[in-house]
Structures are given as C-alpha cells and as structure tokens.
Amino acid sequence: MASLYFKQLALGPMQNFVYLIGDPVTREAAVVDPAWNVPEIIKQAKKDGYRITHALLSHGHYDHINGVEDLVAKTDATVCAQAVELERFIPEGAGGLVIPRSSLKKTATGQAVKVGNLEITLIHTPGHTPGSQCMWIKTPETGSGLLLTGDTLFVGTCGRCDLPYSNPHQMYHSLTQLKKLDEKTVFYPGHDYGMTPTNTIENEKRTNPFLLADSLDQFLEMVHH
Ligand SMILES: [Zn+2]
C-alpha cells in the first residue's frame, strides 16, 4: 500500500493549489491552505475515504486561508501555522479571519505535525511573509520526499517579496535553505504559475533564475527589477 494519500486540487480564480495529505492506514488527512471551495475539498476527501483532522497553513494571505473558518466549522480541524504568522501577520495583515482559539496550534521550524501516523516536518521559510512555511514529507517509495512550498517557491519563479511584510533578504536565505534539500525531492507550489504543476528540486536548481542567483546582491537586483 502506498505510504501516503496525496492530492493536488486547483481551486479558485487565482490559480491556487490546495492539497490533501493523509495516512492511508488511519484514513486521517490534512488540508494544506484551505481556500475558495471548502465543500469541494471535503467532498474529495470523503470520496477517497478520508476524515480531515488538520489544516496546515503555508502562510496567511487571503487566497490561501479564506476557507479556514468554514473548514473548522465543518470538520473541527486543528489549524497549524508558524507562530509569527498567527501572532503578527494574520491579525494585522489579513484581517477578519476568526479561528476558534482552541483549534489553533502554533508551529515552529523543524517541528513535525502528525496526521495519523504521517509525519509532516515544517520548515520556516520567511520572505514572502514573516511566517511562511514549507512542509516536507518522506516518501519511502522514492527514497526521498515531497515538499509543499506555498508562495515561497514556484515552478520557474519565487514568491513576491515586494509586498507589505515581505523581506527579500529573508527570501534569499529561505531559498538557499530549500536548495540544500535532497535533490530528488518533488515540490508542489501554492499556485499553478509554471510550465508544469510540480518539479524536482534538482531540475528547479538548474532552471529557476531565482535559484541560480549565486549571491544575495544578485538576487536583490533580480527581485527589484
Ligand atoms: Zn501569498
């Protein structure tokens, strides 16, 4: 049996990707970035025989979290986001998101969230927002893993860092961190902006101009133009 339940859903008017990740043994699943169409997300999980227990937030922008309230109301899922995003960014930047406090779980880098027996390791990757995070899951079948990158890394480009609360210096360091991951890692971004919906870190390091920048100065010059 596969070690992982994994589904990429394209939802909403902004080319967002929403993900379902679950444990095929316990049939529990997490939604990464619940947004746009919660009934459809729940329907997919149900159809595949999964119960949603967690919502994992890559970051706090509206187009990634606008389904959190609805999802929590319908499933009582535990919401996990980086502490800095929950304390500063979501209250100040996104406004109006009400999540029952008992459902909130602040997460930190290196920490793993368990969904059933599945371990999802969170990597804090600030830059696009202060509390952006990527999620890494081991896939024994490939001898490597898969990575959900939110708006930090896209196929062919990286997340904007000219927005309020963005920080291009931090983005450079976050991308440097991702470049050090096992090259066979397959990553899945938060938007369908590339030639393909997914890519390997290895290919991306060869082709993505923002990963090819070999100094902070060069990177800053690229994002400022
Ligand atoms: Zn964003």
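Which residues are buried in helix H3 (residues 68-75)? In this predicted model, they are Val-68, Leu-71, Val-72 and Thr-75. These four lie on the same side of H3, because the arc they cover around the axis is only 95°. If you look at what that side faces, you will find that the buried residues of H3 pack against strand S3 (28-32), helix H1 (38-47), strand S4 (51-56), helix H2 (62-65) and strand S5 (78-82). Just after H3 comes Asp-76, a residue with a positive phi, near 60°.

Let us step back to the whole chain. The protein chain contains eight helices and 14 strands. Its radius of gyration is 16 Å, close to the 17 Å that the globule rule gives for 225 residues, so the chain is as compact as a globular protein of that length. Along the principal axes, the C-alpha atoms fill a box of roughly 45 × 40 × 30 Å. Of the 225 residues, 44% count as buried. Sequence-distant contacts are well represented too: among contacts between residues at least 6 apart in sequence, 64% join residues at least 24 apart.

Now for the interior. In soluble globular proteins, nonpolar side chains tend to be buried together. Here, the largest nonpolar core has 55 residues, and those with the most contacts inside it are Ile-21, Ala-29, Ala-30, Val-31, Val-32, Ala-55 and Met-135. Strand S2 (residues 16-23) supplies the largest share of this core, five residues. Ile-21 is a good place to pause: leaving out residues up to four places away in sequence, Ile-21 touches Leu-4, Tyr-5, Phe-6, Ala-29, Ala-30, Val-32, Val-115, Ile-120 and Ile-137.

That last partner, Ile-137, leads us into a sheet. Ile-137 stands opposite Leu-146 in S10. Strand S9 (residues 133-139) and strand S10 (residues 144-150) run antiparallel and are joined by five bridges. Both belong to an open sheet of six strands with mixed pairing, in the order S7-S8-S9-S10-S13-S14. Strand S7 (112-115) and strand S14 (199-200) stand at the edges with a single partner strand each, so one side of each has no neighbour in the sheet.

Our tour ends beside one of those edges, at Pro-197, which lies in the loop between strand S13 (186-189) and S14. Is Pro-197 buried or partly exposed? It is partly exposed, because 14 other C-beta atoms lie within 10 Å, while a buried residue would need 20 or more. Apart from its neighbours within four places in sequence, Pro-197 is in contact with Gln-8 and Asp-192. The C-alpha atoms of Pro-197 and Val-155 are separated by 7.2 Å, although the two residues are 42 apart along the chain.

Note on methods. Residues are numbered from 1 along each chain as its sequence is written. This is a predicted model: local features need pLDDT of at least 70, side-chain atom pairs count only at pLDDT 80 or more; totals for chains, interfaces and linings use all residues. A residue is buried if 20 or more other C-beta atoms lie within 10 Å of its own, exposed if 12 or fewer, and partly exposed in between; C-beta atoms are placed from the backbone. Helices (H or I, at least four residues) and strands (E, at least two) are DSSP runs, numbered from the N terminus. The arc is that of the directions from the helix axis to the C-beta atoms. Two residues are in contact if their C-beta atoms, placed from the backbone, lie within 7 Å. Two strands pair if DSSP finds at least two bridges between them. A nonpolar core is a set of buried Ala, Val, Leu, Ile, Met, Phe, Trp, Tyr and Cys residues joined through C-beta atoms within 7 Å. The radius of gyration is taken over C-alpha atoms; the globule rule is 2.2 Å times the number of residues to the power 0.38.
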